[in-house]
Amino acid sequence: MAKRQIHTVTHAASKQKPVRPRDPVASGERDAANNRTAYHNYFLTDKFECGVALHGTEVKSVRSGQVQLRDAYALVKGGELWLLNAHIGVYSHGNIHNHEPVRTRKLLVHTAELRKLESATRIKGMTLIPTRMYFRRGRVKCEVAVAKGKQTWDKRETERRRTADNEAKAAIARSRRI
């Protein structure tokens, strides 16, 4: 038997292209959306990670960071967890089958977690608020927190405490510089 020789050809076109850095939102390094007003308007206690049932164009919009959770809340209804009033922008390259920006979306949680959430929301004044939306291993996740609404004086007290802590940190930093 005759052995075949393999010839290697080196062309300029066979060189590898430079690797482009991956989008920080898609890789999970940065959140797609963060609900900063939730920390201002509510006392947040327990946090749960939930999957989100989305259409294809919604995932692409989340990946591009077109998510707004400011007015969103979660609700346990019929043995399932639902996300209401979350705004996911229309995908710019979509067609007639593009999704609606504000629609009710199903959140995916384990049964034991669903029971905990349901019992927590039965207490008067407690609700479920989404705090952030992000990617984990290529899947869209939503962090839902059990929350109790703050009164106006609670918000002022939180602001005072935050200001005092910042001033104390600044004073310590100044004393170290001297």
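In the predicted model, Arg 132 stands opposite Glu 143 in strand β9. This contact belongs to the pairing of strand β8 (residues 126-136) with β9, in which the two strands run antiparallel and are joined by 10 bridges. Together, β8 and β9 form a hairpin with 2 residues between them. Arg 137, located in the turn, has a positive phi of about 50°. Arg 132 also takes part in an arrangement with an aromatic residue: its charged end sits over the ring of Tyr 134, 4.0 Å from the ring centre.

Strand β9 comprises residues 139-149 and is mostly covered, as 8 of its 11 residues are buried. Besides β8, strand β2 (residues 42-52) pairs with β9, in the antiparallel sense and over 8 bridges. Within this pairing, Lys 47 stands opposite Ala 145 in β9. A further charge lies over a ring at Phe 43, where the charged end of Lys 150 is placed 5.2 Å from the ring centre. Pairs between aromatic rings, by contrast, number 0 in the structure.

The structure likewise holds 0 disulfides. Cys 50 is in no disulfide, and the nearest cysteine sulfur, that of Cys 142, is 6.3 Å away. A disulfide requires the two sulfur atoms to lie within 2.5 Å, so this pair does not qualify. Cys 142 is likewise in no disulfide, its nearest cysteine sulfur being that of Cys 50. Cys 50 counts as buried because its relative accessibility is 0%. Cys 142 is also buried, with a relative accessible area of 0%.

Technical notes. Residues are numbered from 1 along each chain as its sequence is written. This is a predicted model: local features need pLDDT of at least 70, side-chain atom pairs count only at pLDDT 80 or more; totals for chains, interfaces and linings use all residues. Side-chain values use heavy atoms; hydrogens and water are left out. Buried means under 20% relative accessible area, exposed over 50%, partly exposed in between (1.4 Å probe, protein chains only). Helices (H or I, at least four residues) and strands (E, at least two) are DSSP runs, numbered from the N terminus. Two strands pair if DSSP finds at least two bridges between them. Rings of Phe, Tyr and Trp (its six-membered ring) pair if their centres lie within 6.5 Å; planes under 30 degrees apart count as stacked, over 60 as edge-to-face and the rest as tilted. A charge sits over a ring if NZ of Lys or CZ of Arg is within 6 Å of the ring centre and within 35 degrees of the ring normal.
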